[in-house]
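Below is a short briefing on one protein chain. It covers helices, a peptide bond and nonpolar packing.

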Amino acid sequence: MCESDGDGGCRNEGEALFLKILAMVAILVTGVMGVALPLLGKRLTCLRTDRGFFLIAKALAAGVILATAFVHILPDAMLVLQSECLPEIPWKRFPFGGFIAMFSAMATLVVDLLSTGFFERKHHKHASSSSLEDQDLDVEAGADSNGSQPKLHIVGMHAHAASHSHSHPQGLHGKELGFEHLGHAHSASFSDEDDEFARIRHIIISQVLELGIITHSIIIGLSLGVSQSPCTIRPLLGALSFHQFFEGFALGGCISQAGFKPLSVVIMAVFFAITTPGGIAIGIGISEVYNPKSVKALVVEGVFYSVSAGILVYMALVNLIAADFLSKRMRCDHRLQTLSLLSLFTGATLMSLLAFWV
């Protein structure tokens, strides 16, 4: 049975090739559309990342990604790694699919933590050096205007402390000394730090999310490319186009919020858009020599699926769903919260229903 081509009596190489080329074009177009929409949001008011509509659409995309991981990728990984074409030991004695997915999710957490810590330290080091330079300039400017540099260095220190304690010894006030801006400097710096932290998070989220998407896109494209069964390819064409669009939308939103340079944006968007079509093209090229039932092919496919499922589950639940739904904006706007929840469940349900056909 392991030698079976799995076409179920629906083998037609000519029609299959036509459908595969059609799938490459359709998936490429939908992927480009999905990832480009949020990136064009700066010009389209309704798609700006600070608009409620964007959060609602992002929730729909997050539901699609979550269902892709739980309903499509993870079951496929477990099925492949339990294949009768694999040796009894160890593959059928242990649920490797779920095990690898679990560790993949935890490894993604570790990468998330380490990356965030690295970027934060890098930003704080830069911010600290800039802050010290600004303080030196402020004190020197005050000294020059009052003609007594040593004294004002000391008074400047007291004024800095007064901005915290709001008590001004010896009747000296920050405003009288020309330091009235210091009281507001800290709140502004906290706001800037919050914005920078959010940008750092979006940088990491977009990169890890793209890694998870690409991991399973390669295998899906390869599997479709080597198939000679039109009956297998037809439902995959629509399903892959649907989920490629919404994965692209979620990724494009994260890229847009991260504030990458234009070249980096183009590279990430193009890389996402061409991965699945590229996998299909590779599959077409090796279809005559590739044996999808070989032990090596099954293990590689199962492991890739499992790793991808773990990454996508973590990213969808932690960095897409929880991050948005637990934000202050969402908690304070019950209408937006309700619409986003409906959108989330709709996306997850629609993507899950596709399992009847693919």
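Over residues 304–326 the chain is 96% helix and 0% strand, with end C-alpha atoms 31 Å apart. This is a predicted model: local features need pLDDT of at least 70, side-chain atom pairs count only at pLDDT 80 or more, and totals for chains, interfaces and linings use all residues. Residues are numbered from 1 along each chain as its sequence is written, and side-chain values use heavy atoms, with hydrogens and water left out.

**Helices** (DSSP runs of H or I, at least four residues, numbered from the N terminus)
- Helix α8 (residues 295–325) has 31 residues and should span 45 Å at 1.5 Å a residue (1.5 Å times one less than the number of residues); its end C-alpha atoms are 43 Å apart, which agrees.
- A bend of about 30° occurs in α8 at Ala316, taken as the angle between axes fitted to the seven residues ending there and the seven starting there.
- Residues 94–115 are 91% helix and 0% strand, and their end C-alpha atoms lie 32 Å apart.

**Cis peptide bond**
- The bond from Ile89 to Pro90 is cis, with omega near 5°.
- Pro90 is found in the loop between α2 (52–81) and α3 (96–146).
- Most peptide bonds are trans.

**Nonpolar packing**
- The largest nonpolar core (buried Ala, Val, Leu, Ile, Met, Phe, Trp, Tyr and Cys residues joined through side-chain atoms within 4.5 Å; buried is under 20% relative accessible area, 1.4 Å probe, protein chains only) has 63 residues.
- Helix α2 gives the most to this core, with 15 residues.
- Leaving aside neighbours within four places in sequence, Ile65 is in contact (heavy atoms within 4.5 Å) with residues including Leu209, Glu247 and Ala316.

Methods
Helices (H or I, at least four residues) and strands (E, at least two) are DSSP runs, numbered from the N terminus. Buried means under 20% relative accessible area, exposed over 50%, partly exposed in between (1.4 Å probe, protein chains only).
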